[in-house]
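Here is a short briefing for a newcomer. Look over the sequence and the model before reading on.

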Amino acid sequence: MNLYSALFYLLSLVILASTALAITRRNLVHAVVYLVLSFFGSALLFYLLGAPLLAALEVIIYAGAIMILFLFIVMMLNVERLEERFFPARQWVPAAVLGLLLAVVGLLAVSTQPGGDRLLKTAVAAPSAFGSYVFQRHWLSVEIVSLLLLIALAGVLFLGRDNDKGVSEEDR
Amino acid sequence: MNPDERHYRKLKPVPPQRFRTISEIGEALNALGQGFVTTFRHLFRKPITEEYPEYKRTLPERSRARIVLTRDPDGNERCVACYLCSAACPVSCISMQSAEDDNGRRYARWFRINFGRCIYCGLCEEACPTSAIQLTPQFEHVKREILSMVYEKEDLLVDHSGKDKTYNFYRWAGIRTGDRDKGEHEREDKPVNVRSNMP
Amino acid sequence: MIAWIAGFAVLLVKIGLVLGVLLFLAAYLVWAERKLLGRLQIRYGPNRAGIFGLLQPIADAIKMMTKEDIVPEAADRTIFLLAPAVVAVTAMLMAAVVPFGPTITLWGRQVPMVVTDLNVGLLFVFAMSSLGVYGVALGGWASNSKFALLGGIRGAAQMISYELALGLSIVPVVMLAGSLSLVDIVDAQASYPFILVQPVAFVIFVVSAMAESKRIPFDLPEAENELGAGYHTEYSGMRFGMFFIGEYVHMQVLGALIAVFFLGGWRGPLLPGPLWLLIKIIVVALVMIWVRGTLPRLRYDQLMALGWKVLIPAALANIVITGAVVLL
């Protein structure tokens with residue numbers, strides 16, 4: 001166990017712990033903070049595995065932009081604190097069953113060791129190499145994703161149109 | 001929809017100001033530039049600050065600061081201990097004990113102002129019928145010890161008549177106080193003998 | 001092993017140097033700001049502590065450290081205590097990738113004059129800057145006060161809006177330099193600084209940088225006359241000081257970034273590299289102070305309109321034009 005694997009397990013521990021804390025917090029802002037910590041940990045993990053670009057993007061997009069929007073909405077909505085209660089059975093039973101199934105499958109997959117004994121070579125993906133790889137090998141999927149985002153943008157524009165006219169008619 | 005909500009939804013956002021022509025953009029940029037030029041010129045002007053401990057500006061005579069008890073032009077205490085200042089004081093910082101001397105002249109046996117509470121509003125001065133209590137422009141009136149802010153009569157009493165140089169209550173009051181008899185006061189007629197005043 | 005220890009020692013020295021300069025400059029930037037702002041408004045500014053008020057930062061530091069550290073009873077204690085540190089730390093971390101001189105040879109070893117030369121340095125800066133928003137938003141929320149909350153919300157909205165413009169305005173520079181590393185970007189400006197070919201990007205970057213560091217005319221999160229002190233209303237003592245340090249370090253780092261992206265970084269004639277970078281940072285800071293002394297605060301809708309309707313489209317158009325020119 002060298003320094004890198006020690007760091008790996010440490011980071012994994014931090015990520016798992018903060019994620020667990022994030023999904024169990026009643027206070028939404030605390031949950032957001034733990035989730036940010038979790039994203040930050042995954043970014044460090046990416047960096048450790050030799051993908052600095054992904055690490056930076058993870059922090060900028062997930063921790064920086066998306067979670068800030070979450071926090072923003074939590075702050076704006078002023079959600080009243082829920083009293084301590086358990087979710088109704090029809091919500092948690094299917095979730096628990098599916099989670100258990102996933103855990104079993106994961107454990108099986110790890111125990112059968114598909115290539116688990118092979119050591120990966122350390123490699124660092126430079127931003128330019130990463131860029132050329134994505135845009136040369138997988139240009140189609142990149143374009144499809146960007147088209148999807150464009151559609152989302154158009155949808156937001158459509159939904160957010162100035163529908164003042166309808167409101168004023170309703171008022172009259 | 002409750003009425004408040006309707007009110008909010010009726011409010012339209014202020015339409016953003018749009019530049020219609022190139023000349024308007026030019027005007028805006030020019031205005032912006034003028035602002036920067038103005039502040040830059042200020043850099044080379046002498047500051048207009050009056051630096052306080054080195055330079056003390058003389059305050060107007062009627063500025064309200066430290067309270068004193070003045071004397072009339074004859075050198076006697078003006079205060080007649082009528083308690084009006086004490087009653088007018090919004091923070092109740094004035095207290096006194098009235099007394100009367102052998103001539104029937106009222107005075108304050110002790111007179112105390114707690115400057116720790118005083119707000120220098122000047123209501124005591126307005127209430128005073130004899131111009132005894134007056135506010136002065138001496139504002140440097142700060143102490144480290146709060147109890148030393150309590151001023152007794154001997155601390156308050158000064159040797160001049162303050163802003164009102166001429167007024168002397170007992171010359172006008174029509175009260176017999178030793179030096180003047182009935183009818184000898186300012187603008188006072190001689191007493192009339194009511195028995196002789198027959199038609 | 002010895003080489004490793006030597007490398008580590010050099011790294012520590014560099015970190016110490018950068019942090020020392022940053023914090024010293026932050027303290028004296030406050031002094032310079034108060035002094036210059038005073039003169040811009042025909043006042044003297046601080047002139048009591050020492051000659052020209054030069055000891056003022058020390059007096060302020062002593063005052064802040066000895067003041068009571070108050071945590072409001074209704075505040076969310078942990079987050080309240082954490083928020084100022086987030087602001088200060090992210091601002092200081094940004095300085096780690098800023099190169100401050102050419103590579104020098106020390107005892108037969110190449111020592112680059114930068115704390116760490118990341119190949120994604122530029123993205124690292126933006127990552128730290130986007131994490132810095134949390135300090136403002138969480139500080140405002142955790143105070144449990146309406147003014148602080150409003151300040152925090154405004155801060156979050158403003159910073160994520162302008163971060164977009166900030167990032168987009170830099171894309172043409174990256175295209176010209178062909179790298180995300182700040183060292184390479186400075187090296188690409190060996191012959192001429194990028195301000196000559198990218199004036200539009202420069203203007204967009206400077207405006208967004210001012211909005212990002214929450215300075216007048218973009219100081220809506222603090223807006224003294226409507227929100228008390230905005231997101232740090234409830235803070236006192238050194239925790240308030242941390243917000244203050246964070247703001248001024250942020251200002252310097254953004255000055256350094258403006259220098260690195262557009263003014264040629266540490267490059268300049270005659271004087272040594274670090275000095276040139278310092279001069280450029282100070283000039284940018286002085287201009288920011290001049291702007292503060294001149295312009296009034298924007299209204300909130302004006303702020304958002306400027307960011308989303310002017311700066312971002314302009315930055316996008318700039319990217320397209322630069323891309324076309326580079327391709328041809």
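The points below go through the chains, one interface and one residue.

This is a predicted model. Chain C has 11 helices and two strands, while chain A has seven helices and zero strands. Chain C is in contact with chain B through 16 of its residues.

**Chain C: fold**

- Along the sequence, the elements of chain C follow the order α-α-α-β-β-α-α-α-α-α-α-α-α.
- Its two strands come one after the other in that pattern, after three helices.
- Contacts in chain C often link distant parts of the sequence: of those between residues at least 6 apart, 76% join residues at least 24 apart.

**Chain C: size and surface**

- The radius of gyration of chain C is 20 Å, which agrees with the value near 20 Å for a compact globule of 328 residues.
- The C-alpha trace of chain C spans about 55 × 50 × 45 Å along its principal axes.
- Of the 328 residues in chain C, 53% are buried.
- Chain C has an accessible surface of about 14,100 Å², and carbon and sulfur atoms hold 73% of it.
- Chain C carries 21 positive and 18 negative charges, and the mean positions of these two sets lie 7 Å apart.

**Where chain C meets chain B**

- The size of an interface is often given as the accessible area lost when the parts come together.
- Between chain C and chain B, the buried area is about 1,600 Å².
- Carbon and sulfur atoms give 61% of that area.
- C:R39, C:I42 and C:Y44 supply 41% of the area that chain C buries against chain B, more than any other three residues.
- On the other side, 17 residues of chain B are in contact with chain C.

**A residue in chain B: B:R105**

- B:R105 sits in the loop between β2 (94–100) and β3 (106–114) of chain B.
- Is B:R105 buried or exposed? B:R105 counts as buried because its relative accessible area is 14%, and the cut-off for buried is under 20%.
- Leaving out residues up to four places away in sequence, B:R105 touches B:D72, B:N76, B:E77, B:A99, B:E100, B:Y170 and B:T177.

**Chain A**

- From the N terminus on, chain A reads α-α-α-α-α-α-α.
- Buried residues account for 21% of the 172 residues in chain A.
- For contacts in chain A between residues at least 6 apart in sequence, 59% join residues at least 24 apart.
- The accessible surface of chain A is about 13,400 Å², with 72% belonging to carbon and sulfur atoms.

Note on methods: Residues are numbered from 1 along each chain as its sequence is written. Chains are lettered from A and ligands numbered from 1 in the order in which they are written. This is a predicted model: local features need pLDDT of at least 70, side-chain atom pairs count only at pLDDT 80 or more; totals for chains, interfaces and linings use all residues. Side-chain values use heavy atoms; hydrogens and water are left out. Helices (H or I, at least four residues) and strands (E, at least two) are DSSP runs, numbered from the N terminus. The radius of gyration is taken over C-alpha atoms; the globule rule is 2.2 Å times the number of residues to the power 0.38. Buried means under 20% relative accessible area, exposed over 50%, partly exposed in between (1.4 Å probe, protein chains only). Contact means heavy atoms within 4.5 Å. Accessible areas come from the Shrake-Rupley method with a 1.4 Å probe; for residues, only the protein chains shown count as cover. Lys and Arg count as positive and Asp and Glu as negative; His and the chain ends are not counted. The place of a charge is taken as NZ of Lys, CZ of Arg, CG of Asp or CD of Glu. Buried area is the accessible area (1.4 Å probe) that two parts lose on being put together, summed over both.
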